[in-house]
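Work through the exercises below with the sequence and the model side by side. Each task is followed by its solution in steps.

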Amino acid sequence: MKVLIFDTKETLFESLSHYYINEIKANPNIHLGLATGGTPVPLYEKLIEDHKLNKTSYKNVKTFNLDEYVGIEETHPQSYRTFMNETLFNHIDINLNNTKVPSGMASDLELEAKKYDKLLDEHGINIQLLGIGTNAHIGFNEPGSNLNSGTIIAPLTQETRDANVRFFNDMSEVPTVSITMGIGSILKADKIILVATGANKAEAIKNTIEGYITKDVPASALQTHNDVVIYLDKEAASLLSK
Ligand code: GLP
């Protein structure tokens, strides 16, 4: 794993957005694995800014999101579909049909998971973007998850629900189940970029990079992939030993 540490969030996202823009220009048909959460928002803002200024085009780009809440409609203000539309897709020239988010409202969720895996296998992801939970979850693969699985229907831990309650009116509205690309699906990407900012991610980052590969630290499975780059600000890197 390659670890890049930046003095500020600003310099981190400056560098990361340049990387993405160059990759998209070099391969206008690129397949991007995208993530939600607060962490990638500054990246999406910079991609929008660049699209407006420099006309970088997403017409032939395909995107595949990691996860979605189960039990809330696509149109719900806190669905990850709405998040992606509002935070990125509605502001660039991407064809919405080329943006995939698993459905958390499918009548047969197991079938939806199988279909999502088929879609991922047919297309393949060139660059998978990841954030990380404070308990080192990736996508919604919580501690204890199988490190090899495809897309799964996964319960959310209370820690994750607590972290995400800020987006909802109260805890009763926070979903308890998700549909998420499994760690096995994530590891199939050609390249993986994990981004973490802030001191509350420092322990998860230390365990991910310096700890054993274990189900207790889902992101530790990234140690088995041969092209992972981890972008950190100083705070998220603060517990690393070197
Ligand atoms: C959610 C998402 C993850 C994300 C995590 C961290 O649980 N499913 O993909 O990495 O939140 O979110 P944040 O970046 O807001 O800390």
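**Exercise 1. Contacts and position of valine 41**

Task: find which residues valine 41 is in contact with, leaving aside its neighbours within four places in sequence.

Solution. Contact means heavy atoms within 4.5 Å. With neighbours within four places in sequence left aside, valine 41 is in contact with Phe83 and Thr87. Next, place the residue: valine 41 lies in helix α2, residues 41-54. Helices are DSSP runs of H or I with at least four residues, strands are runs of E with at least two, and both are numbered from the N terminus. Last, take the C-alpha distance: valine 41 and phenylalanine 83 are 10.0 Å apart in space and 42 residues apart in sequence.

The model is predicted: local features need pLDDT of at least 70, side-chain atom pairs count only at pLDDT 80 or more, and totals for chains, interfaces and linings use all residues. Residues are numbered from 1 along each chain as its sequence is written, and side-chain values use heavy atoms, with hydrogens and water left out.

**Exercise 2. The chain as a whole**

Task: state how the radius of gyration of the chain stands against that of a compact globule.

Solution. The rule for a globule is 2.2 Å times the number of residues to the power 0.38, and the radius is taken over C-alpha atoms. For 242 residues this gives a value near 18 Å; the chain has 17 Å, which agrees. The C-alpha trace spans about 45 × 40 × 35 Å along its principal axes. Then turn to burial: 54% of the 242 residues are buried, where buried means under 20% relative accessible area, exposed over 50%, and partly exposed in between (1.4 Å probe, protein chains only). Of the contacts with a separation of 6 or more, 80% are between residues 24 or more positions apart.

**Exercise 3. Strand order in the sheet**

Task: give the order of the strands in the open sheet and say which strands stand at the edges.

Solution. Begin with the inventory: the chain has 7 helices and 10 strands. Two strands pair if DSSP finds at least two bridges between them. On that basis 7 strands form an open sheet with parallel pairing, in the order β1-β10-β9-β6-β2-β3-β5. The edges are held by β1 (2-6) and β5 (99-100); each has a single partner strand, so one side of each is left without a neighbour in the sheet.

**Exercise 4. Strand β9 and its partners**

Task: describe how β9 is paired, and decide whether its residues are buried or exposed.

Solution. Take one side first. Strand β9 (residues 191-196) runs parallel to β10 (residues 228-233), with 5 bridges joining them. Leucine 194 has isoleucine 230 as its bridge partner in β10, and alanine 196 stands opposite leucine 232. On the other pairing, β6 (residues 127-130) joins β9 in the parallel sense over 4 bridges; here leucine 129 is partnered by isoleucine 193. Now check side-chain directions: Lys191, Ile193 and Val195 point one way from β9, while Ile192, Leu194 and Ala196 point the other way. Since 6 of the 6 residues of β9 are buried, the strand is largely enclosed by the rest of the structure.

**Exercise 5. Leucine 34 and threonine 63**

Task: locate leucine 34 and threonine 63, and find what each touches.

Solution. Leucine 34 lies in β2 (residues 31-34), and threonine 63 has its place in β3 (residues 62-65). The relative accessible area of leucine 34 is 3%, so leucine 34 is buried; threonine 63, at 2%, is buried as well. Not counting residues up to four places away in sequence, leucine 34 touches residues including Tyr44, Thr63, Met84 and Leu129. With that exclusion, threonine 63 touches Leu34, Phe89 and Lys100, among others.

**Exercise 6. A buried loop residue**

Task: determine where serine 220 is found and whether it is buried or exposed.

Solution. Serine 220 is found in the loop between α7 (202-210) and β10. Its relative accessibility is 0%, so serine 220 counts as buried. Beyond four places in sequence, serine 220 touches Asn207, Thr208, Tyr212, Ile213 and Thr214. For a distance check, the C-alpha atoms of serine 220 and aspartate 108 are separated by 31 Å, with their positions 112 residues apart along the chain.
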